[in-house]
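Here are a few exercises to work through with the model open in your viewer. Try each one yourself before reading the solution.

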Amino acid sequence: MKTSVKVHAALFVVSLIYAANYSISKDVMPRYMGPFGLVLLRIVGATLFFTIAHRLAAPHDRIIGRGDNLRSIASGVLGIGLNQLLFFSGLNLTSPINASLIQTIAPIVTVLASALLLSEKLTLRRVLGVGVAGLGAASIILSRSSTEAAGSNELLGDIYILLNATAFGIYLVIVMPLMRKYHPFTVLARIFLVGAVLAVPVGWQQAAAADYASFPPGIWAAVAYMVLCVTILAYLLNNWALKYASPALLGTYIYLQPALAVLIAVGLGKDHMSWERAGQGLLIFLGVFLVSRKPKPSQLAAVPPLGPVQD
């Protein structure tokens with residue numbers, strides 16, 4: 001199987017995992033556990049997993065140099081600690097529909113950060129792809145009526161999700177050089193450890209206060225899904241893909257999440273497919289295609305970049 005096919009397959013699985021997480025997380029919060037408690041369980045569980053995996057798979061691989069160590073700390077703060085604390089805080093206050101809509105800001109942040117920090121070529125086609133995919137995602141979400149009652153703190157939740165999307169978009173850019181230089185387990189063990197330093201003091205009280213004996217099997221399954229799939233598997237696939245794909249492509253796959261959320265709902269009999277939604281899904285796939293397709297060498301000179309050019 002070609003590497004490009006494997007990359008797209010990995011990113012599709014990540015989008016599927018995240019799409020299901022919007023509804024699964026709401027089943028747990030806030031009835032069974034507060035958002036910070038969930039973040040603590042996710043990050044601590046992933047930290048233990050990646051630390052053991054690093055010792056087994058790449059025991060002699062170490063992040064060295066002041067620049068790389070600072071980059072790993074920034075990645076852990078933005079991509080693990082702040083990203084997850086802001087996301088679950090926001091999802092706890094706002095609706096899944098609002099959260100998934102605002103999440104589509106992340107690819108825009110990623111594309112702009114790639115141009116500024118990595119001098120990645122920002123062509124007109126790539127900008128058009130971001131816009132087309134964003135239009136498809138926004139039309140899916142806005143065409144659906146939310147059954148959630150708007151809470152008094154919904155605006156605050158929306159702001160948290162916006163900050164979360166911004167942090168994640170920048171994280172995809174700054175972690176990429178580390179993923180291409182070191183073993184994935186080396187990087188993930190380090191950045192999750194940094195994230196745990198933030199998450200443990202913030203989430204300890206909520207994690208300790210939860211009545212675990214009252215958790216029905218479905219809630220335990222939801223917690224296990226968030227730790228094993230949403231945290232460990234999704235981060236592993238995302239960061240592996242960064243070895244071969246641009247941060248802009250990873251960011252653009254966020255647009256698939258609303259479309260996949262509709263498909264999941266249809267599969268569970270909670271929603272229905274229409275020609276309108278099929279067209280919206282095609283817009284998203286077209287946008288992903290435009291962003292992921294690399295221009296031919298002969299086209300580089302013909303298309304004037306909107307940002308710095310990368311050789």
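**Exercise 1.** Is Tyr212 buried, partly exposed or exposed?

Before solving, some ground rules: this is a predicted model, where local features need pLDDT of at least 70, side-chain atom pairs count only at pLDDT 80 or more, and totals for chains, interfaces and linings use all residues. Residues are numbered from 1 along each chain as its sequence is written, and side-chain values use heavy atoms, with hydrogens and water left out.

Step 1. Get the cut-offs straight: buried is under 20% relative accessible area, exposed is over 50%, and partly exposed is in between (1.4 Å probe, protein chains only).
Step 2. Tyr212 has a relative accessible area of 29%, so it is partly exposed.
Step 3. Now look at Trp220, which is partly exposed too, at 41%.
Step 4. Rings of Phe, Tyr and Trp (its six-membered ring) pair if their centres lie within 6.5 Å; planes under 30 degrees apart count as stacked, over 60 as edge-to-face and the rest as tilted. The whole structure holds 12 aromatic pairs. One of them joins Tyr212 and Trp220: it's stacked, at 6.0 Å centre to centre with 25 degrees between the planes.

**Exercise 2.** Find which residue forms a salt bridge with Asp68.

Step 1. Look for a side-chain nitrogen of Lys or Arg within 4 Å of a carboxyl oxygen of Asp or Glu.
Step 2. The partner is Lys181, with the closest N and O atoms 2.8 Å apart. A search of the whole structure turns up one salt bridge.
Step 3. Place the two ends, taking helices as DSSP runs (H or I, at least four residues; strands are E, at least two), numbered from the N terminus. Asp68 sits in helix H3 (residues 66–93) and Lys181 in the loop between helix H7 (154–179) and helix H8 (184–209), so the pair ties together parts 113 residues apart in sequence.
Step 4. Check accessibility: Asp68 is buried at 15%, while Lys181 is exposed at 53%.

**Exercise 3.** Work out which residues of H3 and H9 meet.

Step 1. Use contact in the sense of heavy atoms within 4.5 Å.
Step 2. On the H3 side you should get Gly79, Ile80, Asn83, Gln84 and Phe88; on the H9 side, Met226, Thr231 and Tyr235.
Step 3. Follow Tyr235 further: ring pairs link it with Phe49, Phe50, Phe168, Tyr171, Phe185 and Phe192 into a cluster.

**Exercise 4.** How many helices and strands does the protein chain have?

Step 1. Count the runs: 13 helices and zero strands.
Step 2. Add burial: 50% of the 311 residues count as buried.
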